[in-house]
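Hi,

Here is the structure I promised to pass on. Have a look at it first, and then read my notes below.

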Amino acid sequence: MTQFFSFLGTRKELDGLKKESKPKRLFERSVNQNPVRQNAVLILKHSTAFPFKTRFNRIICSYCHEEFQNMTILREHVTADHSNADFNSAFYKVVDDLKVDITQFKCNLCSVDMANVDTFMTHISRDHGISVNFDVPFGVLPYRQDTTGLWMCLDCYKSFSEFSQINAHLRSHVKILTCDKCGATFLSKQGLRQHEKSFKCNKASYKPRFGKALKHRSNTEIILQCSTACPFRTWGHNFNCVFCRVQSNDPVGLRTHMANRHANFDIQLVFSRKLRKDFLKVDITDLQCKLCFMAIDSLDELMTHLKNDHKQPLNFDVQPGVLPFKLNDGSTWKSAICKMQFSNFISLKKHTSEHYHNYVCDTCGEGFITENALVAHTRIPHDNKFKCSRCIATFTTLEERNLHVKTQHTNLPYMCVYCKDKPRFGTWELRCEEQVGRKGNVKLKSNEQRYARSARAEARIATKGNAKALLECWSLCPFTWHWSRFKCAYCEEGFLQCAELRAHVTECAPKHSFKDIYSNYKEMSLINVDVSEATCRVCSCSYSNVVHMRQHAIQHGYHLDSAQPDGVLPFRLDKEDWRCVICREPFNNFLKLYEHMNVHYQHYICATCGKGYMTAMRLRKHSEVHVTGSFPCDKCARVFTMRAARDHHKAQAHAKGPRYGCPHCNIRFKTYYHRMNHLNEAHKEKLVLYKCNVCELTFSTSAKRGAHVRSVHLPQQRTFPCAHCDWLFKNKSDLKKHMVKHTGDRNYSCTVCGKSYPRNKTLRMHLRSHEDLTCKLCGSLFKQRSQLVDHASIHQPDLNELNALGSNKITT
């Protein structure tokens, strides 16, 4: 018997064959066990439908998860790279119906055009004999574009220009299934069942303050349908449209956009998937009833009016489901419920939500609208468990401690863990070199064995590699700029002339390595490079555009990661003509040009206001503007609400010496204007003038030009009222000058006679009275300049004779 089956091989070989058979992947088993997904696989296999996924309304390939800007590029990508792909892999991490593009929808078996998915499934079953399960859904969500690029709805034939609009509109044609525990929404029962199995939803263990879970959705729909309440979202300091990606920091502009673009919006589209059980923000500045056009002041009056006068089915035992705001024109922030006034919208939003606190934390007493917000809050420790390793400060959360370390302990962040004294270093490379030097006989672990790099670390390494490749391929001039001086990036020697800097860097670069540049930085930063005389070291061709330099370096075999920044910041150093090398915009000095580069290299975005910056250090410096609280000055008794205001006060009022220094002779001046005059007169440098973009006037400083534009070319609005009278003023400075009339303060005293005056201008006029008012002809002394002028008329005939004699002498 053993010999008879010997051709099959030995038992070990048979066992090996069994081991080689790999188990099916999880999503393959889910497809084979799900008849809905089996129908979807038939569509992918026998038609030209292109599967895709979305993340924040961005299009992603279902096979390789690469992101694309539009659907046309996705079609070309799938055709070229995934023509023989495993269709089961398209369902990886898909809980709802699979999204497919059927713009060019055809049958792969007979090349017949198909109108929709239903027609296609009937066609392959009837004409090609393929088994289709018509008792269950087909498991796909179809999208289609017309010839002009507009997205077409296959149910109501509406067209949309943006993918985000059609993506939100399709949810109005399907039944939305909601998880009762956490409020997550799904398009299919399969997605809801998988969510309930895979995720541990927050159980209803917290009882609301009003005794029951309040379902406010119906009240919210009636309010939006029967009134002019304008729904909106917020992101930082911007107000966002709930239907499209339009952002505006002006509430008037948002209301105009809603009236023009979304006048008759679909109520169901307002309730996005992210809203869940949270309250919707609405602007009730111009609140009216759509049924009788009656003007209404508050949300409570609106609900009473709709309930009593129009018999709308509002439930007063349930909350309205909206957070009302009166945004007005954005100049004042008043609560629409209790009439309290706030300095900014963030404080107003936090206060408004306090009126609808359904759940309260038992530990700290903080209230929340939804149960999910309370559960997330309880996961944060309520005592200061996180301590700073470099000072005595303690923090409630890990994020607060990390922010403290990044902003307060920026120097020498890397510590050696092998030495007893725990020395610190400015860069990671210096710390590694020190470890190798001190423990030469100990074999340190490799980077792969010691730790796994994060995505952020990999991005920094790739950016450094890009900068290194560009500096090796091109004769760029790396430099730094500090205190009006250009410094060599290798040895930090300073220069005032750009030509001298370029000549020095050409001699200094061969003596140093690329690591010497980053050793001078406390943290990762972009390298400033001068591209005025940039030539390729391989073929001697010249470019000034960094994008062309990158492409040219790749042609010579240099490796650059296209997914990461170039690592360099290009400039053309020319003191006669400061211009941006990217957009060619002119500037008066290098400082303004350097600040302008934040527009083109927004690698770090402020989460509060949305501004972008080149480096993390600049973002941290900017973020101090948004830090509010109590910041006392340690030199005087003044207290400021913002840290930036406190620092500006200390620099101006308690400066150790003059702030502005001359880079040539080291003389320091109190103001920027005096230093520029000194550079022009003593060192013959070109005087910087700031020209008005509207008229022909020029100014010595940018601040004076800005004041001129605001006062002359912009419409003046008197929005600063006096609290003691009916006067209105254009700005806070004029109001402060006016307040002297009511307070009677005399803070400006004469150092000669001791008289005091309410304004500095009046004091300067008074000081003229102490000038030398002696007549040069007769020696008479006067107390006032007007008396001296009247007296000078007595000597007028003598002056005429002297002038006549002088003119005769000249002519002879």
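Helix α17 (residues 498–508) is where I'd start: it lies across β23 (477–482), β24 (485–488), β25 and β26, and it runs at about 10° to β24. Keep in mind throughout that this is a predicted model.

The strands under discussion belong to an open sheet of five, ordered β25-β24-β23-β26-β27, and the pairing is mixed. At the edges stand β25 (494–495) and β27 (568–571); each has a single partner strand, so one side of each is left without a neighbour in the sheet. For β27, the pairing is with β26 (residues 527–530): the two strands run parallel and are joined by four bridges. If you want a spot to zoom in on, Asp-530 stands opposite Phe-571 in β27.

Next, a helix pair. Helix α3 (residues 35–46) packs with helix α5 (residues 117–126) at an angle of about 85°, and their axes are 11 Å apart. Angles of 65 to 115 degrees count as roughly perpendicular, and α3 and α5 are therefore roughly perpendicular to each other. On the α3 side the contact is made by Asn-39, Leu-42, Ile-43 and His-46, while α5 brings Val-117, Phe-120 and Met-121. Sorted by class, that gives five nonpolar residues, two polar ones and no charged ones.

Staying with α5, look at the loop between β4 (98–101) and that helix, which is the place of Asn-108. How exposed is Asn-108? Its relative accessibility is 41%, so Asn-108 counts as partly exposed. Setting aside residues up to four places away in sequence, Asn-108 touches Lys-45, His-46, Ser-47 and Thr-48. One of these, His-46, is also in the α3 contact with α5. Two backbone oxygens come up here: the side chain of Asn-108 reaches that of Ser-47 at 2.8 Å, and a polar atom of the same side chain lies 3.5 Å from that of Lys-45. For a sense of the fold around this loop, the C-alpha atoms of Asn-108 and Leu-44 are separated by 9.7 Å, with the two positions 64 residues apart along the chain.

Another loop I looked at is the one between β13 (280–283) and α10 (299–308), where Asp-297 lies. Asp-297 is partly exposed too, with a relative accessible area of 39%. Which residues does Asp-297 contact, leaving aside neighbours within four places in sequence? They are Ile-284, Lys-326 and Lys-339. With Lys-326 there is a polar contact between the side chains, at 2.8 Å. The C-alpha atoms of Asp-297 and Ala-336 are 8.8 Å from each other, although the residues are 39 apart along the chain.

Last on my list is His-351, in helix α11 (residues 345–353). Is this histidine buried or exposed? Buried means under 20% relative accessible area, and at 10% His-351 therefore counts as buried. The side chain of His-351 makes a polar contact with the side chain of His-355, at 3.3 Å. Beyond its neighbours within four places in sequence, His-351 is in contact with Ser-335, Cys-338, Met-340 and Phe-342.

That's what I have for now.

Cheers

Note on methods:
Residues are numbered from 1 along each chain as its sequence is written. This is a predicted model: local features need pLDDT of at least 70, side-chain atom pairs count only at pLDDT 80 or more; totals for chains, interfaces and linings use all residues. Side-chain values use heavy atoms; hydrogens and water are left out. Two strands pair if DSSP finds at least two bridges between them. Contact means heavy atoms within 4.5 Å. Axes are lines fitted to C-alpha atoms, for helices over the stretch in contact, and angles run from 0 to 180 degrees between N-to-C directions. Angles under 35 degrees count as roughly parallel, over 145 as roughly antiparallel, 65 to 115 as roughly perpendicular and the rest as oblique. Ala, Val, Leu, Ile, Met, Phe, Trp, Tyr, Cys and Pro count as nonpolar, Asp, Glu, Lys and Arg as charged, and the others, Gly among them, as polar. Buried means under 20% relative accessible area, exposed over 50%, partly exposed in between (1.4 Å probe, protein chains only). A polar contact is a pair of N or O atoms within 3.5 Å; within protein, one must be able to donate a hydrogen and the other to accept it, and residues adjacent in sequence count only if both atoms are side-chain atoms.
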